[in-house]
Amino acid sequence: MLRASLRQVSAALRDGHVTPTELCQRCLSLIKSTKFLNAYITVAEESALKQAEESEERYRRGQPLGVLDGIPIAVKDNFNTAGIETTCASNMLKGYISPYNATVVQKLLDQGAVLLGKTNLDEFAMGSGSTDGVFGPVRNPWSYSRQYKEKSVPKSHSEDEESNWVITGGSSGGSAAAVSSFTCFAALGSDTGGSTRNPAAHCGVVGLKPTYGLISRHGLIPLVNSMDVPGILTRCVDDAAVVLGSLAGHDPKDSTTIQDNFKPFELPNLTDVSKLSIGIPKEYHAPGLSSEILALWSKAADLFKNAGAKVVEVSLPHTRYSIVCYHVLCTAEVASNMARFDGLEYGHRSDMNKSTESMYAATRREGFNDVVRGRILSGNYFLLKQNYENYFVKAQKVRRLIANDFVKVFGSGVDILLTPTTLSDAAPYTEFIKEDNRTRSAQDDILTQAANMAGLPAINVPTALSERGLPVGLQFIGRSFQEKQLLTVAKWFEKQVKFPMIQLEEVKRHDHGVFQHQKSASFS
């Protein structure tokens, strides 16, 4: 049952094959047995079981609230949740309990979803590995899969278990690991420069970054206001469409959301791709792209071509400046956003009491890690009066050029862009931490952050297993507010590649459900 899609389990709940309480208990039990993954910071067992009981009562009366009623979900720990601690994986917010729910969380609860807990991340979502939070790194469930274990060369057995695990990617690594290890059916992440798509690619799940303004950011603790988007992590494209349908639309509490009404949609089964034009941006053949992913990207393009789609090479000439531009804009907004954590209103407060100034300084030194402090310092440097024109204003102009590149390409008749999501499969933790966070983020966001700067929708679709037995995903980028077209194409692609299900021994012992369908890998 835990391996079922969201739609399948919703049908099972409706037909009485399983109750919301039983489903919730199974997920909670699995969270406990996969605790070693460190995917969750807080498990809200008591409130989750209460929500499941309320859902059960609605089903008993024959009045479920919709597809999400009784479905266990998880939320990244940078979304505010009333009554449940919100930490951003930082000492600065340890123990902080918000008085309100983020709009997206409230919408899920209003639909009857069961909130299991809050997932782990890089501190304040600054990172690409989910290794830099105060609660420790998240481990990729695929590290413990039969597929990876069969391919990886073991050293001594005990050493292998402890040192051979791979990262989830970040910063929404906890949410990606939670979905990948079957502890929930969908999870919320946030996506500023690829933080949903990157871990989705490494953990073999679907990661959707919607168009900027389609989903409310109210209650998402901001990193970069002009780029942040709540992201959706699920096990298949159809499920992502279901969750998007319940979250999208105008929110009076967020002035950047669209004014138009959003109509939830059901994805059609695309049978004819001959009218589609797929663009292959040559600049995404970036330095460091593994030959394995390059071959997979080429194979995917051929798949569309052979099915009758028009596949054209396109150019996004300003892409090569995007990572530098992103760094300037990101740190500048971080410096501004982090100013609110001063030890006065909420969060950590230092005992240093010589003066207000010394208390501020000590609070921020104790509350933030090196990564956060480093980004604040960079951002303040770029915003200095003498630097503002040369860095911040120039970066804003380059951002406009990057966005215009996409406008031109889509204006030329291209419907969807097909690119890699990451440069390689997931790195072993011991290798990943050899480089500092800034270097890693610059490398790992290179293929994803341009979509954030242009505000475009993008999705990672798990595509195949690498030679090491780890997931590799490809990214589809669509036109603004054309999520239906983007998801329809992604669903068609998903059907063609038949990505294999993770084989986790731990899960099999817990999963006595009726949906133990095993997909076969036919695209590696």
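1. A quick word on terms before anything else: buried means under 20% relative accessible area, exposed over 50%, and partly exposed in between, using a 1.4 Å probe and protein chains only. By that yardstick S350 is buried, because its relative accessible area is 8%. You'll find S350 in the loop between α11 and α12 (356–367). Helices here are DSSP runs of H or I with at least four residues, strands are runs of E with at least two, and both are numbered from the N terminus.

2. What you have in front of you is a predicted model, where local features need pLDDT of at least 70 and side-chain atom pairs count only at pLDDT 80 or more, while totals for chains, interfaces and linings use all residues. Residues are numbered from 1 along each chain as its sequence is written, and side-chain values use heavy atoms, with hydrogens and water left out.

3. Staying with S350 for a moment: what does it touch? Leaving aside neighbours within four places in sequence, S350 is in contact (heavy atoms within 4.5 Å) with M359, A362, T363 and E366. If you want a ruler for the model, S350 and M227 are 123 residues apart in sequence and 31 Å apart in space, C-alpha to C-alpha.

4. Now for the sheet. It is open and has 11 strands, in the order β1-β3-β2-β4-β6-β5-β10-β11-β9-β7-β8, with mixed pairing. Two strands count as paired if DSSP finds at least two bridges between them. At the edges sit β1 and β8 (310–314), each pairing on one side only. On average, neighbouring strands of this sheet are turned by 30° against each other, direction ignored. For angles like this, axes are lines fitted to C-alpha atoms (for helices, over the stretch in contact), and angles run from 0 to 180 degrees between N-to-C directions.

5. Have a look at β3 next. Is strand β3 buried or exposed? Strand β3 (residues 114–119) has 6 of its 6 residues buried, so it is largely enclosed by the rest of the structure. With strand β1 (residues 40–43), β3 pairs in the antiparallel sense over 3 bridges. With strand β2 (residues 72–76), β3 runs parallel, and 5 bridges join the two. K118 is a handy landmark in β3: T42 stands opposite K118, and K118 is also the bridge partner of V75.

6. There is a β-α-β unit here too. β2, helix α4 (residues 103–110) and β3 make up a right-handed one. Right-handed means that, with the strands pointing away from the viewer, the path from the first strand over the helix to the second runs clockwise.

7. Further along the sheet, strand β5 (residues 206–209) and strand β6 (residues 229–234) run antiparallel and are joined by 3 bridges. In that pair, V206 stands opposite T234 in β6.

8. Which helices pack against these strands? Helix α3 (residues 45–60) packs on the sheet and touches β1 and β3, its direction making about 155° with that of β3. Helix α18 (residues 483–497) lies across β5, β7 (277–281), β9 (416–420), β10 (458–465) and β11 (471–477), running at about 5° to β10.

9. For a helix pair, try helix α11 (residues 322–337) and helix α14 (residues 389–411): their axes come within 9 Å and cross at roughly 130°. That makes α11 oblique to α14, given that angles under 35 degrees count as roughly parallel, over 145 as roughly antiparallel, 65 to 115 as roughly perpendicular and the rest as oblique. The crossing is left-handed, meaning the near helix is turned anticlockwise from the far one by less than a right angle (clockwise would be right-handed). Among the residues that meet here are L329 and A332 in α11, and F392 and I402 in α14.

10. Some backbone details deserve a second look. Most residues other than glycine have a negative phi, and most peptide bonds are trans. C88, in the loop between β2 and α4, has a positive phi near 55°; C88 counts as buried at 1% relative accessibility. F124, in the loop between β3 and α5, has a positive phi of about 50°, and F124 is buried with a relative accessible area of 3%. The peptide bond from G170 to S171 is cis, with omega near 10°, and S171 is in the loop between α6 (157–163) and α7 (173–180).

11. Last stop: T131, in the loop between β3 and α5 (146–151). At 10% relative accessibility, T131 counts as buried. Not counting residues up to four places away in sequence, T131 touches D122, P137, I167, Y429 and F432.
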